[in-house]
Amino acid sequence: MAAIKLSALDHIFEKYEGKKGKLIPVLHEIQEEVGYLPVEVQRYVSEKLGVAMSKIYGVISFYSFFTTEPKGEHTIGVCMGTACYVKGAEDILNRLKEELGIETGQTTADNKFTMTMTRCLGTCSMAPVIMIDDQVHGNLEAEKIPEIINKY
Amino acid sequence: MEITIDKQKIEVEKGKTVLEAAEENGIAIPTLCHSPFLEDVGACRMCLIEDLADGKLKTSCTTEVKDGMEVLTKSKRVEDSRRTILDLLISDHPLDCMTCEADGSCTLQDLAYQYGIERSSYGTKSEPRFKVERDNEFIELDPDKCILCGKCIRVDQDIQCSDAIDFVERGFQTKVGAASDEGLGGEDSTCVFCGQCVELCPTGALSYIPSQKKGREYNFEKTVTTCPYCGVGCQLELKTKDRKVIEVGSVYREGTPNPYGEACVKGRFGYDFINHPDRLKKPLIKRNGKFEEAEWEEALSLVAEKLTEIKDEYGGRALAGLSSAKCTNEENYLMQKFMRAVIGTNSVDHCARLCHASTVAGLVKAFGSGAMTNSISEIEGSDLIFVIGSNPTENHPVIGSKMKKAHKNRTKLIVADPRQIELSGLAEVAVQQQPGTDVALLNGLMHVIIEEGLADQEFIAERTENYEYLASVVEDYTPEKVAEITGVEAAKIKKAARLFAEADKAAIYFAMGITQHRTGTDNVLSVANLALLTGNVGRESTGVNPLRGQNNVQGACDLGALSNVYPGYQSVEDPEIKEKFARAWETEELSAEVGLTVVEIFKQAGEDIRGLYIIGENPVISDPDQRHIEEALDSLDFLVVEDIFLTETAQFADVVLPAACFAEKEGSFTNTERRIQKVNKAIGPPGEARADWKIISEISTRMGYQMNYDSPADIMAEIAEVTPIYGGIYADRLGDQGLQWPCKDREDPGTKFLHQGEFARGKGKFHPVTYIPPAEEVDDEYDYIMMTGRMLYHFHTGTMTRNSEPIDKHEPDAYLEINKKDAKKLRIKEGDRVRVTSRRGEVETNVRIGDRVQPGQIFMPFHYAESPANRLTNPVLDKDAKIPELKVTAVKIEKV
């Protein structure tokens with residue numbers, strides 16, 4: 001993992017200078033840029049904003065969007081909404097775990113995929129669905145999984 | 001206004017909550033997340049009440065009273081809903097009361113008992129959902145027992161102001177956690193182990209590791225007393241069982257220095273020394289170079305005989321005494337009385353000589369009184385606090401927290417310290433002046449204030465003298481010139497000066513960084529000048545506030561354990577005063593000559609000083625130039641040491657007398673804000689150890705001067721007779737909050753802040769001073785400046801904290817702090833061993849790298865006997881106060 005140049009994030013702090021309630025937007029933008037929020041970054045945010053490390057961790061661990069682990073090249077979101085769930089989302093999830101060798105929230109060793117669970121994606125008519133990056137794959141069966149991930 | 005609670009009409013003030021109104025009228029409402037001094041959040045829903053106006057159930061802790069309001073606190077709806085909440089809480093709580101540390105002091109348990117909930121109707125928690133966190137020596141967190149009331153988080157963030165913990169995770173996984181979820185001892189955790197979270201936890205989720213399995217609340221006897229560490233004077237509760245101190249609890253009492261139960265890690269966890277197996281239990285007499293246990297009778301007679309022998313042969317002035325800032329007021333009074341009235345010398349001094357002698361000297365000159373002008377509770381009322389040469393968050397942690405709290409609310413902060421201390425990070429202006437350049441810095445600030453017309457002319461005209469002289473001296477100290485001397489940018493000097501002068505109520509706080517210089521008195525005078533110039537004395541939340549470092553260093557000074565004054569700062573050179581004491585003490589031995597001070601006593605040892613009586617001091621570790629101190633102790637004809645351990649100094653003694661510690665005796669300590677507070681006996685002393693006041697009385701009586709006191713209260717009554725500032729201090733008046741001197745007589749309620757309307761000396765006097773550089777500067781060989789000081793976890797020479805297991809385990813090793821640039825230059829890594837050498841000696845220690853110190857400087861704590869910083873320090877003295885220059889030593893550093 002390449003070292004992160006912290007001073008390269010300074011433009012984000014400048015943008016929010018003097019504004020209130022900036023912790024969440026700052027973390028958000030940093031994650032967009034770096035991809036995740038490792039502890040070095042949290043320390044830098046703490047120093048720059050004068051916010052305690054415990055508070056930063058509280059926020060990061062509260063919002064599932066934030067992650068302290070680097071994300072893979074592609075993010076797979078497995079929909080666990082009601083419709084997908086009753087149509088077998090669990091089977092899809094288990095198959096993905098098997099194929100990728102990781103649990104939800106983890107990233108494959110080759111850094112290719114990060115797998116997460118999501119709430120309803122609003123495409124219930126295609127249930128069960130997964131979303132890889134911006135692309136929705138619907139009407140799934142567990143057998144189709146290897147074929148789909150091989151495309152990436 | 002009038003409201004009706006449970007059909008009972010009550011009068012209540014506007015702005016109160018229903019909960020407060022109920023409590024005031026003896027109506028009990030159960031709570032889990034409420035604390036009277038924390039912001040209410042209405043989280044636990046136990047305090048629900050039924051509002052008859054709209055029929056709604058409301059949390060009484062967050063509902064303000066309204067005129068005519070009618071509420072029910074025990075209606076069926078209310079009680080059913082409380083029962084449901086408890087039922088839900090208990091469904092996720094282990095039913096392990098029989099092994100839980102909190103059994104007997106658990107609000108959840110009490111409420112389950114009250115509401116008859118044996119087990120939850122929603123099922124029982126059979127498997128833990130979380131890991132128990134105990135990655136440190138002090139506090140365990142078991143999230144499975146946590147009910148998420150958030151009291152721990154609120155006390156941490158709003159009272160202690162450490163921001164160490166917060167809610168982490170979400171939903172059912174929510175728990176209390178520290179940074180990165182790595183526990184309170186984690187790398188990024190800011191926890192300082194004050195224990196206030198444990199005290200407020202309503203269940204067993206937070207507990208003290210050192211006292212686990214050693215007893216529960218109902219097994220303990222409890223004694224409220226005064227903390228034996230720094231000068232804040234926190235009130236603590238010693239919980240004892242079988243003559244052992246098992247735990248230290250908080251005391252919540254208005255009007256004390258720590259009304260919200262505040263404490264620091266030393267007060268909370270530094271009590272193992274009390275029951276340590278190495279405590280002295282019998283007198284020791286050295287025979288043929290070896291200590292042998294002896295009976296009291298023999299030891300006391302030997303001491304009396306030897307002291308009499310030296311007195312008879314060389315005169316009383318061949319003897320000297322070191323009293324102790326750890327001992328009570330009564331004991332310090334007796335010690336100086338013994339040295340003066342029985343031995344006939346004024347050579348009685350104590351460690352204040354090494355810490356605030358220059359404060360007393362300087363402030364007496366400027367104001368007429370040498371103590372902290374204002375009170376700890378006034379910190380939050382200041383508009384601005386200027387901290388110079390003091391590191392409160394480590395050395396006076398409870399005061400440090402109050403400053404952080406004040407800053408959080410609205411108070412501005414200026415910090416001047418050669419090191420980047422914790423408060424520097426919060427300050428509006430933080431400067432790192434070169435060590436020993438404080439006079440220049442302060443003169444620079446005053447230059448700007450005068451030049452920009454920001455001085456308080458009205459105050460200067462009415463209440464001060466000598467202003468013109470001051471103005472003429474500081475005229476030379478332009479920001480540019482001061483920048484050159486101090487290394488602080490001119491712009492920052494100007495900014496700090498304006499901030500300070502423009503604040504309505506500005507208070508200055510200082511400590512060893514100001515006093516421990518050969519220009520210590522000058523430094524203090526400069527501080528006083530700045531306060532006078534801006535009219536910041538004699539009003540609430542302002543003032544010149546020296547923070548005293550020992551539990552009773554203020555009292556030891558007040559009661560005359562100083563070589564130049566009798567109790568109450570009455571000069572030994574004043575014939576009328578001498579006459580007064582001669583009459584009161586019925587003695588003809590009093591000397592009219594100022595005695596020797598600590599450092600002078602050691603310089604004269606073996607020559608003019610033949611015998612020394614030391615109580616509770618450890619000069620081998622605490623005094624400058626260790627090798628010289630050891631030689632001095634060796635050269636004495638007779639040395640008697642009275643202490644709780646066989647300290648490095650006691651090793652040199654001919655007779656060692658075992659003393660009782662603070663937990664084992666009665667008396668009083670005077671804290672940094674002049675508050676005389678009770679010391680109460682919790683347990684008996686170990687073995688045959690005795691209270692110092694008893695030992696001194698015995699020796700005195702054996703030397704033919706009867707001292708027959710029944711109790712410390714008797715001694716205090718005698719003190720009141722001869723000490724005007726303590727004239728109204730009697731043991732029976734101290735009550736729960738103590739009294740602040742000056743306190744003239746039995747009717748006097750004491751004095752919160754000094755110099756209101758008039759200074760103790762009449763007018764406040766400006767004493768302009770010019771900058772004199774420190775005695776030692778860097779040269780080619782000794783190319784670093786070393787500063788010494790304390791750190792949070794240890795105290796002074798370590799006699800107490802290094803004998804307290806959890807603390808010494810947490811911080812076991814001596815170290816020096818060095819800047820990362822210097823570390824690179826010297827090619828040393830974190831943890832490397834280095835040799836530090838000064839012109840007087842060398843020590844080895846471990847390296848800590850960072851940016852707390854500036855390049856070219858190092859910092860070494862002086863607590864560690866294995867790496868004694870004071871083997872290196874310079875005994876050059878301030879000419880007025882005779883305080884040594886402990887803060888500036890030229891050293892060289894080599895990798896071992």
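Is Asp242(B) buried or exposed in this predicted model? With 11 C-beta neighbours inside 10 Å, Asp242(B) counts as exposed. A residue is exposed if 12 or fewer other C-beta atoms, placed from the backbone, lie within 10 Å of its own, buried if 20 or more do, and partly exposed in between.

Residues are numbered from 1 along each chain as its sequence is written, while chains are lettered from A and ligands numbered from 1 in the order in which they are written. The model is predicted, so local features need pLDDT of at least 70 and side-chain atom pairs count only at pLDDT 80 or more, whereas totals for chains, interfaces and linings use all residues.

**View 1. Two residues with positive phi in loops of chain B.** Asp242(B) has a phi of about 50° although it is not a glycine. Asp242(B) sits in the loop between β11 (235-241) and β12 (244-250). Strands (E, at least two residues) and helices (H or I, at least four) are DSSP runs, numbered from the N terminus. Ser180(B), also not a glycine, has phi near 55°. Its loop runs between β8 and α5 (196-200) of chain B. Ser180(B) is buried, with 22 other C-beta atoms within 10 Å.

**View 2. Where chain B touches chain A.** Chain B gives 15 residues to the contact and chain A gives 10 residues. Two residues are in contact if their C-beta atoms, placed from the backbone, lie within 7 Å. On the side of chain B, β7 (165-168) and β8 (175-178) each supply at least two residues. The largest share there, four residues, comes from β7(B). That side divides into six nonpolar, three polar and six charged residues. Here Ala, Val, Leu, Ile, Met, Phe, Trp, Tyr, Cys and Pro count as nonpolar, Asp, Glu, Lys and Arg as charged, and the others, Gly among them, as polar.

**View 3. Helix α18 of chain B.** This helix covers residues 520-533. Its 14 residues should span 20 Å at 1.5 Å a residue, and its end C-alpha atoms are 20 Å apart, which agrees. The expected span is 1.5 Å times one less than the number of residues. 14 of the 14 residues are buried, so α18(B) is largely enclosed by the rest of the structure. Just after the helix, Gly535(B) takes a positive phi of about 65°.

**View 4. The largest nonpolar core.** This core has 284 residues. Such a core is a set of buried Ala, Val, Leu, Ile, Met, Phe, Trp, Tyr and Cys residues joined through C-beta atoms within 7 Å. Those with the most contacts inside it include Ile385(B), Phe500(B) and Ala528(B). Leaving out residues up to four places away in sequence, Ala528(B) touches Gly362(B), Leu363(B), Ala366(B), Phe367(B) and Val544(B). Another core, of 18 residues, lies apart, with Leu121(A) and Ile145(A) among them.

**View 5. Glu50(B) and its contacts.** Glu50(B) lies in strand β3 (residues 48-51) of chain B. With 19 C-beta neighbours inside 10 Å, Glu50(B) counts as partly exposed. Glu50(B) and Ser75(B) are 25 residues apart in sequence and 7.3 Å apart in space, C-alpha to C-alpha.

**View 6. Cis peptide bonds in both chains.** Ala127(A) and Pro128(A) are joined by a cis bond with omega near -5°. Pro128(A) is in the loop between β2 (113-118) and β3 (130-132) of chain A. The bond between Trp741(B) and Pro742(B) is also cis, with omega about 0°.
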